[in-house]
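User: Could you take a close look at the aromatic rings in this structure and walk me through how they meet? I am in my first year, so please explain the terms as you go.

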Amino acid sequence: MRGVAVLSVVCGHAVSARPDMVGPGVAEGVLTILASGVDVFFVISGFIIATTAAGQRDPLNFTFRRAVRIYPVYWLVLLVAFVSSSWIELSPEKRPPLDLGLIFAWTYPNWYLGPAWSIAFELHFYAAVASILAIAPNRVFELLFAGLGMVVVAVVFRLQLGIYSHPLVLEFGAGVGIAYLHRNGGLRFSRRILAISAGLFAAGWYWIFVSGSADPQLARVPTYGLAAGLLIHAVVSAEIEGQSFSPILQWFGKISYSLYIVHYLVIKWITNFTGMWLLSTSGTIAASILLSIGLAFALHIIIEAPLIGWGRKWSLMRRDQQTSDVPRREAAMRIPARAE
């Protein structure tokens, strides 16, 4: 599903990049529905991270693996975006300084890489999980559900807790709930769930774009967020029952992070030099998507995959070392007793 989600976001940005070419209404309408790929990403992240953390006891190991996954590709593309911003307008607002918040993707919005606003949400979720692992690794689900309850309170009473009071954080909770059901054998596939999910995506588009919701971010949660949760529930249930998915979508899933990070900058390059490219509207859209996919594949092969493999090896070595240290620590603790 990560492949579907990232293609949704990429196509939405490619179509909406030049409203003067496709029309403002079409650009906004297409982006409104295809941006729901981010909501799918949040639910997937909640599911994967909760599942991983439930079998994890080392917060340092968890944090290291997440950092290796996020930062190398992000830093490279951010550097290119920073240099490019000297002659390409990446956002209508005035260019901000490249501070630590942007360098570590901890704050949002992100002027240099627009879609990277969602990484700030991801990182805050990771930080919460790492804190739980440091305090009570045997109570991951209980504390995550408690934390999400606090987010609900913050949203309802409009408490200022930074990102943790943003309604979109609740979409991670949908993924955590699916992980909990999966862990306890509570998932069952149903085609009705897929139908309801599709209806909620349509309802979200109507509510946000057609009706013009006063609070689009809040409106996303009971529509796109719930729809994404039901969709991931159906997909995980189907996989449990032995169903497989398209190898092409699985391939897009592997390069999804690199594609998500690099596509916005590629689209900005192409749309800023339309005259030089001499492309039609459809040609500009197609070139943006295809070039983004090509660069993402290169980033995945050259940077992302090797570093993920290295991080996995480091993690296994650290786990093996900790396991081998247990008998030595126990033996050391028994020495005083023998001496007596």
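Analyst:
**A close look at the aromatic rings**

Let's start with a charge and a ring: the charged end of Arg 66 lies over the ring of Tyr 126, 5.5 Å from the ring's centre. A charge sits over a ring if NZ of Lys or CZ of Arg is within 6 Å of the ring centre and within 35 degrees of the ring normal. Keep in mind that this is a predicted model, where local features need pLDDT of at least 70, side-chain atom pairs count only at pLDDT 80 or more, and totals for chains, interfaces and linings use all residues. Residues are numbered from 1 along each chain as its sequence is written, and side-chain values use heavy atoms, with hydrogens and water left out.

Now for rings meeting rings: the structure has 21 aromatic pairs. Rings of Phe, Tyr and Trp (its six-membered ring) pair if their centres lie within 6.5 Å; planes under 30 degrees apart count as stacked, over 60 as edge-to-face and the rest as tilted. One edge-to-face pair is Phe 41 with Tyr 260, at 5.6 Å centre to centre and 70° between the planes. Both Phe 41 and Tyr 260 are buried (buried means under 20% relative accessible area, exposed over 50%, partly exposed in between, with a 1.4 Å probe and protein chains only).

Trp 75 and Phe 104 also form an edge-to-face pair, with 5.8 Å centre to centre and 80° between the planes. Trp 75 is partly exposed, at a relative accessible area of 38%, and Phe 104 is partly exposed too, at 37%.

Finally, look for a cluster: ring pairs join Phe 42, Tyr 108, Trp 117, Phe 121, Phe 125 and Phe 172.
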